Amino acid sequence: MNKLPVQQAIAVGASKHPHNMKNVFSYGTAGIRCRADILDPVLYRLGLLVVLRSRAARATIGVMITASHNPEQDNGAKLVEPMGEMLLPAWEGYATRIANTSDEDLGKCIQSLITELDVDMTVPANIFLARDTRPSSFGLAQALIDGIQALNGDYIDYGLLSTPQLHYMVRCHNTQGSYGTPTEHGYYSKLASAFTKVREQCKSSKSSYTGELSLDGANGVGALKIQQMCQHFNNKLKISVYNDGTHGQLNDRCGADFVKVQQKPPYGMPLEEAGQKCVSLDGDADRIVYYFIDHDGVFHLLDGDKIATLIAGYIQELLIAANLQLNIGLVQTAYANGSSTQYATGVLKVPVACACTGVKHLHHKAQEFDVGVYFEANGHGTVLFSALATEKINSASQDERLSDDQRQAATTLKYLQELINETVGDAISDMLVVECILHAKDWTTADWNEAYTDLPNRQLKVKVKDRRVIKTTDAERCATTPSGLQPAIDDIVSKYTKARSFVRPSGTEDIVRVYAEADTQAMADSLAYEVAAKVHQLAEGIGDPPVQPGSS
């Protein structure tokens, strides 16, 4: 235990992790993320901060060392709140402040935070930490530990975990085990048990569905964990794991982000058979996408929108079958394909809400529903159940006054909730949920894909002098500045069929992101370039205006 006064202990630790003050760091939705070789002093500082957060919350806090889908040379850290949520917005600001504080001022900065937040430094602090498979993660974990120990915090180092597994551990511990056992074995056992129970609720014979999957692990931690998970399946799923980390670099031409952005299969995984069910995780296993090729060799992606509508539709069916009056909603971002929104509201009869980009915004919005399904198009999402929903579902599953069919539907919902990792998007949990639903419906991936057809779309980037000139409202779907931009976008969109377009500033660099969709790919491309040219004109674009390839 460190017996030095606070500021002296901080200074001693800082001398081992000097900050050259040549870089500016920012803590956002994805935590802090950048090149690994400049992160050492930042992780030491986050070690200090997380001790304060634990004492302020009087609960265990988590720190995950990862850069998700970024290249292997990058790294970062995400802090986990007591119930497994992402860090509170106010504390994001404190993290940014401390990450950019010099060694000389660090002790004073921490002392001012202790005073400002009225942190009782005699309260025990407990931290759970874990890391992904990046070569830099081990050293950065030590820097974090040095920060924790400088302020006399206790910690448990879980070693290699997926990001969702750490979120799970934190929530389990802080709920005294009511959410589950805070061990890796406890995680696998809970999901495997729930998966088996959901599957057992469907007794009919199956012919189209197959439990065989080809899985791209992005050469990351998810590949390791899915192989451990497979030991609990009793052959209900047969998963062939590729890009398992034994060859190739993390996220290098593989993983969920590569497949989503490039709209093609990853390297390192054979995709030759029509209808072959394929899955890609990202580097820390919180994103997932499905895909397959048809008999003509055409690639089909089932992204977060497809996953969200599949799950929301199935839960809606169970709620109706169980006669449960609960408020279900699907939360999307402006990037959700317009066809998915129309399918959810028109066919599934599930209300849709739109939130700003970033899972923390979707998570918050989803809490407004009794059952809130949220996914970003990139495959990051989950389902949240309110206390009322949990109570009603559990009660209905045991209510002898209900019919057998009603009780069975409620029981399926109960087990489905146990299968879902409500703390954060979890690729492994989401995959198991999807497989249960496809099994229940006796669907192939092609059957699933036929539910609706995505509108063709295009995304572009426009370099600008200052991204802050772009302000938005209505969950980023409407630009309020610069003057005249939104009316110009509306006028351009009116010339196309089944079209929409929006623009939003990047959160990290001086570019403006343009999204457009229309009835054909050619029209979506044309619309995107027209809007991009208007952004360049009205938002002080840098360089030549965007010009569509092949246009005169």
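**Pockets, cores and annotated sites**

Helix α14 gives the most to the lining of the second largest pocket, with three residues. The model is predicted: local features need pLDDT of at least 70, side-chain atom pairs count only at pLDDT 80 or more, and totals for chains, interfaces and linings use all residues. Residues are numbered from 1 along each chain as its sequence is written, and side-chain values use heavy atoms, with hydrogens and water left out.

The second largest pocket has a volume of about 470 Å³. A pocket is an open set of points on a 1 Å grid over the protein atoms alone, with protein on both sides within 12 Å along at least five of seven lines; lining residues have an atom within 4 Å of a point. Points are joined across faces, edges and corners, and the volume is the space filled by probe spheres set on them. The lining of this pocket comprises 23 residues. R171, Y179, F385, Q417 and E422 lie nearest the centre. Two or more lining residues come from each of α12 (359-366), β14 (381-385), α13 (387-397) and α14 (404-419). Helices (H or I, at least four residues) and strands (E, at least two) are DSSP runs, numbered from the N terminus. By class, the lining of the second largest pocket has seven nonpolar, nine polar and seven charged residues. Here Ala, Val, Leu, Ile, Met, Phe, Trp, Tyr, Cys and Pro count as nonpolar, Asp, Glu, Lys and Arg as charged, and the others, Gly among them, as polar.

Enclosed space was examined next. The structure holds one cavity of 30 Å³ or more. A cavity is a set of grid points where a 1.4 Å probe fits but cannot get out. The largest cavity contains about 40 Å³ of space. Its lining is made up of Y168, Y179, Y187, K190, L191, I420 and N421. Y179 thus appears in this lining and among the residues nearest the centre of the second largest pocket. Helix α7 (residues 184-200) supplies the largest share of the cavity lining, three residues. Five of the lining residues are nonpolar, one is polar and one is charged.

The largest nonpolar core has 80 residues. Such a core is a set of buried Ala, Val, Leu, Ile, Met, Phe, Trp, Tyr and Cys residues joined through side-chain atoms within 4.5 Å. Buried means under 20% relative accessible area, exposed over 50%, and partly exposed in between (1.4 Å probe, protein chains only). I239, Y290, I311, I315 and M431 touch the most other members of the largest core. Beyond four places in sequence, I315 is in contact (heavy atoms within 4.5 Å) with I328, V371, V373, V383, F385, L413 and L416. Another core lies apart from the largest one. This second core has 44 residues, including A14, L43, W91 and L151.

The UniProt record, an unreviewed entry, lists S68, D282, D284 and D286 under "binding site". These residues are spread over 219 residues of sequence, yet they cluster in space, with a largest C-alpha distance of 8.1 Å. S68 is also listed by UniProt as "active site". UniProt positions follow the numbering used here, feature names are shortened, and annotations may be inferred rather than shown by experiment.

S68 lies in the loop between β2 (61-65) and β3 (74-80). S68 is buried, at 3% relative accessible area. Neighbours within four places aside, S68 contacts R33, K78, R134, N251, D282, G283, D284 and D286. D282 sits in the loop between β8 (278-281) and β9 (288-293). D282 is buried too, at 0% relative accessibility. With the same exclusion of sequence neighbours within four places, D282 contacts S68, H69, A218, N251, A256 and R287.

N251 thus touches S68 and D282. N251 is not a glycine, but has a positive phi of about 60°. N251 belongs to the loop between β7 (238-242) and α9 (256-262), and counts as buried at 13% relative accessibility.

R58 also has a positive phi, of about 55°, without being a glycine. R58 is placed in the loop between α2 (40-57) and β2. R58 is exposed, with a relative accessible area of 60%. A cis peptide bond joins T481 and P482, with omega about 0°. P482 falls in the loop between β17 (478-481) and α17 (485-493).
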